[in-house]
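Colleague: I'm new to this one, so could you walk me through it? I'd like to hear the reasoning behind each label you use.

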Amino acid sequence: MQRPIIAIIGRPNVGKSRLFNRLLGKRVAIVEEEPGVTRDRNYALCDYLGRSFTVVDTGGLNLTIHGGIMAQVGEQTKRAIQEADLLLFVMDGKEGITPVDQEILELLRHASKTVFYVVNKIDGPRDEKRMVDFYQLGVDSLYPISAEHGYGVAELLEQVIKVLPPSEQPAEPSNGLPKIAVVGRPNVGKSTLVNTILGEERLLTSEIPGTTRDSIDTLVQYKDKKYVFIDTAGIRRRGRIESGVERFSVSRTLKSLERCDVALLLLDGQEGVVEQDTKIVGQILKLGKGCILLINKWDLREKKTQAMEKFRAELARRFAFLPYAPTLFLTALTAKKIPQVFTLVDQVMTAYTQRITTADLNRFFEARVKDHPPPSYRGRRVKLYYFTQAETRPPVFVTFCNYPAGVPASYLRYLENQLRAIFGFVGVPIKILVRKKR
Ligand code: GDP
């Protein structure tokens with residue numbers, strides 16, 4: 001599913017992050033707080049009154065642009081205009097309209113995006129006299145709010161979700177084929193990898209339109225199988241043209257991840273795991289995608305065997321919630337490991353889509369549960385009656401139980417490990433839900 005993207009823009013200190021946190025905190029529930037996701041996020045998957053969307057706080061994006069506030073803000077605004085479906089332009093009700101605001105207004109005037117003009121720091125009806133200044137802008141959608149106290153925020157959101165485009169299940173010519181997203185932080189080698197794959201003579205490739213205006217995917221045939229690499233145009237463009245500026249685009253990464261079956265997450269073999277990597281892992285987990293870790297630039301490491309052990313140990317520590325992801329050390333500059341990449345993709349794709357029959361599952365679990373039953377709960381025996389696989393992509397299992405609350409997380413981990421040991425499930429997250437037996 002592709003959710004519409006809402007970007008919060010505006011100059012520094014008008015309260016963008018406050019508004020962002022307010023949207024996350026009170027009225028909007030984060031879909032699910034997964035472990036491994038850090039607090040200082042600048043984007044969030046949100047649900048409000050049954051609508052799903054992604055909010056991006058552009059103030060949190062660390063653009064490495066020189067030339068002062070104006071350039072920074074201009075760059076953020078342009079990026080938001082490009083990528084978001086709807087913009088919340090935040091101004092400061094105490095300070096009025098400043099020259100930087102004017103600059104942003106000018107950019108917005110030429111953009112064909114829905115904009116909500118938000119005047120922050122209006123703490124209640126008493127402060128609304130400050131709005132006079134802003135009425136001169138002559139815009140329809142002007143909203144006084146207090147991000148700090150919540151005044152006006154519900155009204156704003158209600159209007160926002162009225163005009164928000166619906167989440168889309170994209171109808172693609174490539175339906176049914178494995179969809180691969182290449183993700184990772186700037187400079188880790190994404191465009192190098194994509195260029196190496198697409199440049200391979202043994203592969204047949206052709207471009208196909210992606211789901212958004214400016215995205216182009218590539219259909220790749222390797223041996224007798226076909227794959228879709230998502231947003232190859234975006235990855236190559238970032239690599240070639242925009243070098244020097246910050247190329248990490250949160251919403252672009254999210255869009256690719258949402259559409260993919262398998263994420264190829266590139267990590268820098270020399271620099272190790274950094275904060276941004278764990279954020280991307282958090283998104284992959286949250287979206288329930290298959291994942292393969294590609295440790296790139298391995299040509300630059302010496303004492304490779306020892307280094308590999310060290311790197312694996314670091315991965316185990318930093319990505320504790322991703323122990324099932326296969327890892328490949330490679331050099332994206334050469335095509336040497338490309339066959340192995342495809343082998344892994346096939347394995348993960350099989351795991352991602354496999355469905356275990358109910359008969360097999362129960363035959364399997366009967367023995368495991370008998371050998372190692374769940375601990376008793378408040379003095380009562382906890383019984384698991386029956387297992388079934390409810391979903392694929394990713395796999396979700398349901399078990400029925402007399403006391404669902406009595407099944408501890410450690411026991412679910414045991415069941416998960418057993419499932420993995422027998423049925424594979426390499427590279428994919430597994431969920432086991434415990435339901436009350438009626
Ligand atoms: P992106 O921002 O993730 O798309 O990263 P790029 O593909 O643009 O790569 C960033 C830099 O790392 C470029 O100068 C690449 O030539 C270099 N690079 C990428 N992969 C490798 C590799 O495997 N080995 C070495 N030595 N350099 C690499």
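**Reasons behind the labels**

Modeller: Let's begin with helix H8, whose buried residues are Val250, Ser251, Arg252, Thr253, Leu254, Lys255, Ser256, Leu257, Glu258 and Arg259. Keep in mind that this is a predicted model.

Colleague: What makes you say that H8 is largely enclosed by the rest of the structure?

Modeller: Buried means a relative accessible area under 20%. In H8, which covers residues 250-259, 10 of the 10 residues are buried, so the helix is largely enclosed.

Colleague: How do you know whether Cys260 is in a disulfide?

Modeller: A disulfide needs two cysteine sulfur atoms within 2.5 Å. The structure holds 0 disulfides. For Cys260, the nearest cysteine sulfur belongs to Cys291 and is 8.9 Å away, so Cys260 is in no disulfide. Seen from Cys291, the closest cysteine sulfur is the one in Cys260, at 8.9 Å, which is too far for a bond.

Colleague: And are those two cysteines buried or exposed?

Modeller: The cut-off for buried is under 20%. Cys260 has a relative accessible area of 1%, so Cys260 is buried. Cys291 comes out at 0%, so Cys291 counts as buried too.

Colleague: Let's turn to the ligand. Which residues come nearest to the ligand?

Modeller: There are 16 residues around the ligand, and Asn187, Lys190, Ser191, Thr192 and Asp299 come nearest. By class, that shell has 5 nonpolar, 6 polar and 5 charged residues. Helix H6, residues 190-199, gives the most to the shell, with 3 residues.

Colleague: What makes the pairing of Asn187 with the ligand a polar contact?

Modeller: The pair has to be N or O atoms within 3.5 Å. A backbone N or O atom of Asn187 lies 2.7 Å from an oxygen atom of the ligand, so the pair qualifies. Asn296 passes as well, because one of its polar side-chain atoms is 2.9 Å from a ligand oxygen. For Lys297, a side-chain N or O atom is 3.2 Å from an oxygen atom of the ligand, so this pair is also within the limit. As for cover, the ligand taken alone exposes 580 Å², and the protein buries 79% of that.

Colleague: Why is Arg11 called buried?

Modeller: Its relative accessible area is 8%, and the cut-off is under 20%, so Arg11 is buried. Arg11 sits in the loop between strand E1 (5-9) and helix H1 (16-27). Its side chain makes polar contacts with the side chain of Thr98, at 3.1 Å, and with the side chain of Asp101, at 3.1 Å.

Colleague: Why is Arg18 called partly exposed?

Modeller: Partly exposed is the range between 20% and 50%. Arg18, which is found in helix H1, has 45% relative accessibility, so it counts as partly exposed. Arg18 and His149 are 131 residues apart along the chain, and their C-alpha atoms are separated by 9.8 Å.

Colleague: How do you know that the span of helix H11 agrees with what it should be?

Modeller: At 1.5 Å a residue, the 16 residues of H11 (338-353) should span 22 Å; the end C-alpha atoms are 23 Å apart, so the two agree. Among the buried residues of H11 are Ile338, Phe342, Val345 and Met349.

Colleague: What makes the phi of Lys303 worth a remark?

Modeller: Most residues other than glycine have a negative phi, and most peptide bonds are trans. Lys303 is not glycine, yet its phi is near 45°, a positive value. Lys303 lies in the loop between strand E13 (290-296) and helix H10 (304-318). Exposed means over 50%, and Lys303 has 66%, so it is exposed.

Arg378 also has a positive phi, near 45°, and is found in the loop between helix H12 (358-371) and strand E15. At 70% relative accessibility, over the 50% cut-off, Arg378 counts as exposed.

Colleague: Which peptide bond is cis?

Modeller: The one from Arg393 to Pro394, with omega near -5°. Pro394 is in the loop between strand E15 (384-391) and strand E16 (396-401).

Colleague: Last one: why is Pro125 called exposed?

Modeller: Pro125 has 64% relative accessibility and the cut-off is over 50%, so Pro125 counts as exposed. Pro125 is found in the loop between strand E6 (114-120) and helix H4 (132-135).

Terms used: Residues are numbered from 1 along each chain as its sequence is written. This is a predicted model: local features need pLDDT of at least 70, side-chain atom pairs count only at pLDDT 80 or more; totals for chains, interfaces and linings use all residues. Side-chain values use heavy atoms; hydrogens and water are left out. A residue is near a molecule or strand if one of its heavy atoms lies within 4 Å of it. A polar contact is a pair of N or O atoms within 3.5 Å; within protein, one must be able to donate a hydrogen and the other to accept it, and residues adjacent in sequence count only if both atoms are side-chain atoms. Accessible areas come from the Shrake-Rupley method with a 1.4 Å probe; for residues, only the protein chains shown count as cover. Helices (H or I, at least four residues) and strands (E, at least two) are DSSP runs, numbered from the N terminus. Ala, Val, Leu, Ile, Met, Phe, Trp, Tyr, Cys and Pro count as nonpolar, Asp, Glu, Lys and Arg as charged, and the others, Gly among them, as polar. Buried means under 20% relative accessible area, exposed over 50%, partly exposed in between (1.4 Å probe, protein chains only). The expected span of a helix is 1.5 Å times one less than its number of residues.
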